[in-house]
Amino acid sequence: MNTSSLSDAQAAEWADRLTQHPDYRVLRRLPQRDVFTPSETGRALQLGLVLDTETTGLDTRSCKVIELGMLLFEFDPEWGTVHRVVKVFDELEDPGMPIPPETTAVHGITDEMVQGRHIDDSVVESMVSQASVVIAHHASFDRPFVEKRWPVFETKPWACSLKDIDWKAEGFGSAKLEYLLHTQGFFYDAHRAENDCWALLELLNRVLPQSQEPALLRLLTTLNQPQVRLYALGSPYDSKDLLKARGYRWDAEKKAWHCTLTSRKNLPDEMDWLKRRVYGGRAATIEVENMGGTVRHSQRQGETSLVNL
């Protein structure tokens with residue numbers, strides 16, 4: 001049979017049959033639905049903003065935003081349920097510079113597509129001002145870019161669905177957005193801003209398999225858990241491979257290896273590990289940077305202090 005001649009109803013019937021067979025898994029195109037959960041009368045809802053960017057490259061110092069996608073949505077802050085999308089935004093912007101071919105190969109945005117285009121600043125500022133939280137799947141990438149372009153983003157608490165949820169502990173083999181949607185039975189055209197926003201919102205509406213709580217609720221609880229960044233000042237040169245393997249990254253300006261902890265409660269264990277494994281039990285001093293909700297996942301500095309190990 002020529003499958004291209006199937007009606008939507010026939011295709012859905014075939015998919016349902018395959019889903020019931022243990023040897024097959026079926027992926028369906030992700031729907032763009034405005035209503036996720038009907039709201040109950042009397043519930044106090046808030047507005048959240050999911051966001052994604054496409055840029056000319058990875059370096060915030062020299063690269064620029066060329067596409068911004070946002071969904072403003074209602075949610076229940078107590079139950080962590082997504083209710084309905086109230087506004088959709090997606091616009092392109094001319095960066096005033098050629099888009100590198102290797103970047104176009106990722107998201108498909110060309111110089112011709114952005115020529116003469118400009119993102120409406122007033123709409124962006126209006127949507128952000130209404131939101132009580134901004135969520136991105138890779139907030140440490142998106143936040144510095146949008147803050148540089150629209151300072152209003154600096155005033156909002158941010159959550160990161162990539163880093164603020166322990167996907168491995170929840171039984172997933174990867175934290176990539178496209179993979180996570182595949183596990184939920186969906187596929188979509190990834191690496192365009194609005195499409196990634198719809199995918200993220202669908203993911204936030206799902207219940208985590210191990211903790212049995214909505215993904216959105218898990219993110220909301222992290223807003224009150226400031227991140228802590230540690231700088232291993234004066235660490236021995238021969239410890240660099242050990243630090244790198246544990247997830248530390250090199251800061252060329254401070255000339256020190258650093259890592260970010262998702263909660264301050266993890267600080268004592270990390271300090272103990274540094275003293276034993278990196279400094280060999282010797283006295284040492286590290287720098288601790290506390291980052292609240294309006295600094296988390298940004299490149300702006302929080303409050304710093306020196307701590308003796």
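## Principal nonpolar core

In this predicted model, the largest nonpolar core comprises 32 residues. Those with the most contacts inside this core are V50, F73, I135, L181, L201, L204 and L216. Two or more residues are contributed by each of the strands β3 (65–76), β4 (81–92) and β5 (133–136), and likewise by each of the helices α6 (177–183), α7 (193–204) and α8 (215–222). Helix α7 provides the largest share, namely seven residues. In general, nonpolar side chains of soluble globular proteins tend to be buried together.

## Contacts of I135 and the second core

Which residues does I135 touch, when those up to four places away in sequence are not counted? The contacts of I135 are L49, V50, L51, F73, A159, L200, L204, L216 and L219. Among these partners, V50, F73, L204 and L216 are also listed with the most contacts inside the largest core.

A second core, separate from the one described above, contains 23 residues. Its members include M127, A131, A136 and C160.

## Positive phi angles outside glycine

Two loop positions merit description for their backbone angles. H191 lies in the loop that links β7 (186–187) to α7. Although H191 is not a glycine, its phi is positive, near 70°. With a relative accessible area of 38%, H191 is partly exposed, since that class covers values between 20% and 50%.

K255 is located in the loop between β9 (249–251) and β10 (256–261). The phi of K255 is also positive, about 55°, in a residue that is not a glycine. K255 has a relative accessible area of 60% and is therefore exposed, the threshold for that class being over 50%.

Technical notes
Residues are numbered from 1 along each chain as its sequence is written. This is a predicted model: local features need pLDDT of at least 70, side-chain atom pairs count only at pLDDT 80 or more; totals for chains, interfaces and linings use all residues. Side-chain values use heavy atoms; hydrogens and water are left out. A nonpolar core is a set of buried Ala, Val, Leu, Ile, Met, Phe, Trp, Tyr and Cys residues joined through side-chain atoms within 4.5 Å. Buried means under 20% relative accessible area, exposed over 50%, partly exposed in between (1.4 Å probe, protein chains only). Helices (H or I, at least four residues) and strands (E, at least two) are DSSP runs, numbered from the N terminus. Contact means heavy atoms within 4.5 Å.
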